[in-house]
Amino acid sequence: MVNLQKAEQAIALLLEAIGEDPMREGLADTPARVAKMYEELTQGYDMNASELLSVVFHSDNNDVVLEKDIEFHSLCEHHLAPFFGKVHIAYIPNGKVVGLSKLARVTEVFARRLQIQEQMTNQIADSIYTSLDPLGVMVIVEATHTCMTMRGVKKIGTKTVTVATRGILKGDLALQKSIQDLIK
Ligand SMILES: Nc1nc2c(ncn2[C@@H]2O[C@H](COP(=O)(O)OP(=O)(O)OP(=O)(O)O)[C@@H](O)[C@H]2O)c(=O)[nH]1
Ligand SMILES: [Zn+2]
């Protein structure tokens, strides 16, 4: 849970630090707004992935299930700058499948935190691998980091791609390739 009062004080201090007057008309409500925004952007800390993935359905299918192009927004833990893009989640069921919306919800659980992209990718893969006990999981995340585009090296157009594989997908390059082809 975010301590809203503390967050408001911090934002007012930040405004002062950059030479602004936090009491001027346009900024008077800004500390409260920004505190609420951080509450929303970090609500993943209060969400539980294994609870979300506890409602499963029996299925004899053991071919790939892919939910692709799940959009996400997160905050990089180094600069508190947004990074955003798409998550693609593939898994090979082993008797259990989960409602498709839950894959998007699991993405929210881990995106709505201070993150680095590699860790977010691994956390999504691990939660599905642990909760569904599938034969394999592959998670691919493609993102733009505003800490690299609007500041620092300012390399507009750069994308970061991270991959996490679990189970039989770890060593099976042919299966990995067929999932990548489905994503294209
Ligand atoms: N591996 C990884 N690095 C990230 C991620 N988000 C931001 N970074 C990087 O974190 C690094 C932090 O580097 P520092 O040298 O401590 O910070 P900095 O001086 O602000 O670095 P510059 O961005 O190069 O100006 C930068 O290279 C960022 O590009 C992420 O999700 N994963
Ligand atoms: Zn950053």
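**Exercise 1. Overall layout**

Among contacts in the chain between residues at least 6 apart in sequence, what percentage join residues at least 24 apart? Then describe the make-up and extent of the chain.

Solution.
Step 1. The structure is a predicted model. Of the contacts in question, 71% join residues at least 24 apart in sequence.
Step 2. The chain holds seven helices and seven strands. Read from the N terminus, their order is α-α-α-β-β-β-β-α-β-α-β-α-β-α.
Step 3. The C-alpha trace spans about 65 × 35 × 20 Å along its principal axes. Of the 184 residues in the chain, 27% are buried.

**Exercise 2. Domains and the record**

State how the chain is divided by the domain assignment, and set out what UniProt lists for the domain.

Solution.
Step 1. The assignment gives domain 1 as residues 4–41 and domain 2 as residues 55–183.
Step 2. Between the C-alpha centres of domain 1 and domain 2 the distance is 33 Å.
Step 3. In an unreviewed entry, UniProt lists residues 8–183 under "domain: GTP cyclohydrolase I". Over residues 8–183 the chain is 39% helix and 28% strand, with 42 Å between the end C-alpha atoms.

**Exercise 3. The sheet**

Give the strand order of the five-stranded sheet, and explain why β5 and β7 each have one side without a neighbour in the sheet.

Solution.
Step 1. The order is β5-β2-β3-β6-β7, in an open sheet with mixed pairing.
Step 2. β5 (114–115) and β7 (160–167) are at the edges and have a single partner strand each, so one side of each has no neighbour in the sheet.
Step 3. Inside the sheet, β3 (residues 82–92) pairs with β6 (residues 136–145) in the antiparallel sense, over ten bridges.
Step 4. One position can be checked directly: alanine 90 has methionine 138 of β6 as its bridge partner.

**Exercise 4. The largest nonpolar core**

Identify the residues with the most contacts inside the largest nonpolar core, and the elements that each supply at least two of its residues.

Solution.
Step 1. The core has 31 residues, and those with the most contacts inside it are Ile89, Ile124, Ile128, Val137 and Val139.
Step 2. At least two residues of this core come from each of β2 (65–76), β3, α4 (100–111), α5 (117–132) and β6.
Step 3. Take valine 137 as an example. Not counting residues up to four places away in sequence, valine 137 touches Tyr91, Ala125, Ile128, Tyr129, Thr165, Arg166, Gly167 and Leu169.
Step 4. Now turn to α5. Helix α5 has 16 residues and reaches 23 Å from first to last C-alpha, close to the 22 Å expected at 1.5 Å a residue.
Step 5. The buried residues of α5 are Met120, Thr121, Gln123, Ile124, Ala125, Ser127, Ile128, Tyr129 and Leu132.

**Exercise 5. The annotated binding site**

Where are the residues that UniProt places under "binding site", and are His79 and Cys147 exposed, partly exposed or buried?

Solution.
Step 1. The unreviewed UniProt entry places this feature at Cys76, His79 and Cys147. These residues are spread over 72 residues of sequence but cluster in space, the largest C-alpha distance being 7.9 Å.
Step 2. Histidine 79 belongs to the loop between β2 and β3. Histidine 79 is partly exposed because 14 other C-beta atoms lie within 10 Å.
Step 3. Cysteine 147 lies in helix α6 (residues 146–149). Cysteine 147 is partly exposed, since 16 other C-beta atoms are within 10 Å.
Step 4. Apart from neighbours within four places in sequence, cysteine 147 is in contact with Cys76, His78, His79, Ala81 and Gly152.

**Exercise 6. Positive phi at two aspartates**

What are the phi values of aspartate 69 and aspartate 133, and where do these residues lie?

Solution.
Step 1. For reference, most residues other than glycine have a negative phi.
Step 2. Aspartate 69, not a glycine, has a positive phi of about 60°. Aspartate 69 is in strand β2, and is exposed because 10 other C-beta atoms lie within 10 Å.
Step 3. Aspartate 133 has a positive phi of about 50° and is not a glycine either. Aspartate 133 follows α5, in the loop between α5 and β6.
Step 4. With 13 other C-beta atoms within 10 Å, aspartate 133 is partly exposed.

Note on methods: Residues are numbered from 1 along each chain as its sequence is written. Chains are lettered from A and ligands numbered from 1 in the order in which they are written. This is a predicted model: local features need pLDDT of at least 70, side-chain atom pairs count only at pLDDT 80 or more; totals for chains, interfaces and linings use all residues. Two strands pair if DSSP finds at least two bridges between them. Helices (H or I, at least four residues) and strands (E, at least two) are DSSP runs, numbered from the N terminus. UniProt positions are given in the numbering used here, feature names are shortened, and annotations may be inferred rather than shown by experiment. A nonpolar core is a set of buried Ala, Val, Leu, Ile, Met, Phe, Trp, Tyr and Cys residues joined through C-beta atoms within 7 Å. A residue is buried if 20 or more other C-beta atoms lie within 10 Å of its own, exposed if 12 or fewer, and partly exposed in between; C-beta atoms are placed from the backbone. Two residues are in contact if their C-beta atoms, placed from the backbone, lie within 7 Å. Domain bounds come from an automatic or database domain assignment. The expected span of a helix is 1.5 Å times one less than its number of residues.
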